[in-house]
Each structure stands twice: as structure tokens, then as C-alpha cells.
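Biologist: Please take one part of this model and go through it closely. I am new to this, so explain each term as you reach it.

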Amino acid sequence: MGIKGLNALISEHSPKAIKSGEMKSHFGRKVAIDASMCLYQFLIAVRQQDGSQLTNEDGETTSHLMGFFYRTIRMVNLGIKPCYVFDGKPPVLKGGELEKRLKRREEAEAKAAELKETGTVEEIQKFERRTIKVTKQQNEDAKKLLGLMGIPYVEAPCEAESQCAELAKAGKVYAAASEDMDTLCYDPPHLLRNMTVAESRKLPIKEYDLKTVLEGLEMDRRTFVDLCILLGCDYCETIKGIGPVTAYKLIKKYGSIEKIIESIEQDEKSKYVVPQNWPFAEARELFLNPEVADSKDVDLKWVAPNEEGLIQYMVRENGFSEQRIKDGIEKLKKGLKGGSQGRLDGFFKVVGSSTSDKKRKPEEMTKKGASKKGKSGFKKR
């Protein structure tokens, strides 16, 4: 579910940490994407005209295959090299959240069944989408497809978001991409949101720079994690009565959850109720020291797609249009070949700029000062 209210707090107190732009602005970058989030999005969003999921002749859902195939091609054509990270086993501490999700699904299933007698098509579909659960087979389907496409994927030992962050910290990729704001708790230098949403929604790609986030909030990482736990995360409930604004004020005043709890217990008139046996310390540990695969053991390679394998899997086994799949393969081949070109900021690092540099056009800077540190404001890495 992410972190409740975190985006609003960052927008208010550290607006410079968020940049919005088009996907093509990330040309030449490698990005680690939360595959589990993608699966869920595609199963909900990729539908037939009547609102039902895509299926093959055997009645098996194929919406996720279409989503992965075309969205990945879209990224590759824009010069982005995606790698996908799949969830491993959930932390024990997440059990309570998973139980809540199961209960919500059961309630949605019951409501959808009830509406089949009296509700509209839109009302029924609204609740049916809330019943979506990603299956183990659908995970395996996506991995098989990505392998045939020549796109690397990683199986995380635990949470996909933490593994994405680990790859970004190690420099294997530029950023972690996920819709869950709790990804920032795992310390990625950059977080990208909206990378895999449907084209029809036309949402900008939002980039969060964690260093700037912390500077704007005037916090170190540990304090930031405590703030996120107070706001509400997947690992434990919150202190009753404390919303986002109050959570921010308290963490700024006291600096840690322990001191906040101490102040509440000492104030007999306090209106806040700390949950019994509240596992905030365990939640903090999961964020600060998550279980991840060592990035040194992760080898990311983008290779040419297996054309015959893709046609066999997507067309003959799952019923997609052969011509469209072939067209997609050609775009994929072209994109993977052309995407090897690097970004300018991959070769140079900004170290400062003079007033004259700010007024000078980018192409003039390249011509007049690329070889002389001091004139251009750049130096080679």
C-alpha cells in the first residue's frame, strides 16, 4: 500500500526533490522495475472492450502478457533499458497486511456477486477488479516472456522494492521504479513512478531524488524511516490519532519513535494511543537492513529477442496476432540495438557553472568548453 501521505509531505516540504517529465527524458538509463506491481496493474488495466480480461483459447488470462510485451517495447524504443524484479517470500511482519488484503478481496467478491443481480456493468467491474490477485503461474508467465524478449529479470529473496533499491544503490541501474512510496525507505538514489501505467492515462513520469528529499525534510535516513512508519506502512499499524501532519511535527520535535512514545506515556492527557506490542522497531529494521540479493551476484544483460520462441509462446500458445507480435519484435530489436548509446550525464558530471555558462546555449558549451574544465563547468568522471 506504500506510505500514507508521504507524497504530500515531500511535495510541501521538499518540492525540489520531485521532477516530472516524459518517459523519453530517461533515454540511455537502466531502470529496475517492481514486476509484481506491474503484474497487478496489467491485470486490472488491460481489458477487452466489454471490460473482461484478455484470455487464450483455454480460458487462461493473458492481459499481463500483453501489458509486459508492449510496455517493455515502449520503454526500449525510448532508449530505456528495463530490468524487472519479482517478489520473493513476504516478511513475517507483513502477514497482518496480507490478511487485510485477503479480507478486502473477499468483501469485493461478495459485493460483485450481489451486484450481478441488480448492479450496472460498471459497478460490477469496479468490484471485480478489487478481487484481482496475482498468481504464481502469472509470475512464471511474465518471466518466460521477458526471457524470450531478451530482457533481464531478478528474483528477489524478499520484497521487490528493496531489491530494486539495492540495484540502484550499487549503480547497476539508475533508479528503482515502483508505485509504492515505501521504496524510498530502502535508500534508492532515485525513485521513478508511473513508468508502467497505461498510455491512455498520460501521467508524467515522477522522479524523486532521495538526497534532496532528506535535505528538504531536514532528516537523516533513520529519522525518515521512523516518519514513514508513523505515517503507515505494510509492516505495522499506526498510533491512533496521529495523521500525516501530526506525524511530521512529532518526528521533527522528538527525532525518533521511541521518544515520541515516551512523551505520550508521560502525558496523562495525551489523546494518542500507542498499539500494544507495537513492532515498530522490527519494521524499522526491515527498512534499514532488508533481505536482498547481493548486487555483485546480479548480472544484468539485455540481449536480442528469441523471435521464434516469442511467436510460439505469444501467437501459437496464447492467441495473439502474429503480425502484431512480429511488428513488436522488430521494434524490440531496433530499440535494443539503438539503446546502447549512453547519456551525456553518463560521461560528464556537473561541478559548477558560471553566470556566462547559464546564458550560453547547450550546443555552444559543447563546442567551446568540452575539453577544458573551468570553461564548460564539466569534468570527466
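Modeller: Two strands pair if DSSP finds at least two bridges between them. Strands here are DSSP runs of E with at least two residues, and helices are runs of H or I with at least four; both are numbered from the N terminus.

This is a predicted model: local features need pLDDT of at least 70, side-chain atom pairs count only at pLDDT 80 or more, and totals for chains, interfaces and linings use all residues. Residues are numbered from 1 along each chain as its sequence is written, and side-chain values use heavy atoms, without hydrogens or water.

Let us take strand β2 and what surrounds it. The chain has 16 helices and nine strands. Seven of the strands build an open sheet with mixed pairing, in the order β1-β7-β6-β5-β2-β3-β4. β1 (18–21) and β4 (153–155) stand at the edges with a single partner strand each, so one side of each has no neighbour in the sheet. From one strand to the next, the twist averages 25°.

β2 sits between β5 and β3 in that order. Which way does β2 pair with each of them? With β3 (residues 81–86), β2 (residues 30–34) pairs in the parallel sense, over five bridges. With β5 (residues 175–177), the pairing is again in the parallel sense, over three bridges. Strands of a sheet pair through backbone hydrogen bonds, either parallel or antiparallel.

Now go residue by residue. K30 has K81 of β3 as its bridge partner. A32 stands opposite C83 in β3. In β5, the bridge partner of A32 is A176.

Is β2 mostly covered or mostly open? It is mostly covered, since four of its five residues are buried (under 20% relative accessible area with a 1.4 Å probe, counting protein chains only; exposed is over 50%, partly exposed in between). In the whole chain, 47% of the 381 residues are buried.

What lies across β2? Helix α3 lies across both β2 and β3, and runs at about 140° to β3. Such angles go from 0 to 180 degrees between N-to-C directions, with axes fitted to C-alpha atoms, for helices over the stretch in contact.

Next, helix α2 (residues 35–45), which holds S36. S36 is buried, at a relative accessible area of 16%. Neighbours within four places in sequence aside, S36 is in contact (heavy atoms within 4.5 Å) with V85, F86 and D87.

F86 has another visitor: K143 lies over the face of its ring, 5.2 Å from the ring centre. The test is that NZ of Lys or CZ of Arg is within 6 Å of the centre and within 35 degrees of the ring normal.

How many aromatic pairs does the structure hold? There are seven. One of them is F42 with F68, which is edge-to-face: 5.2 Å centre to centre, with 75° between the planes. F42 lies in α2 and F68 in α3 (residues 63–77), so the pair ties together parts 26 residues apart in sequence. Rings of Phe, Tyr and Trp (its six-membered ring) pair if their centres lie within 6.5 Å; planes under 30 degrees apart count as stacked, over 60 as edge-to-face and the rest as tilted. F42 and F68 are both buried. Together with Y84, they form one aromatic cluster.
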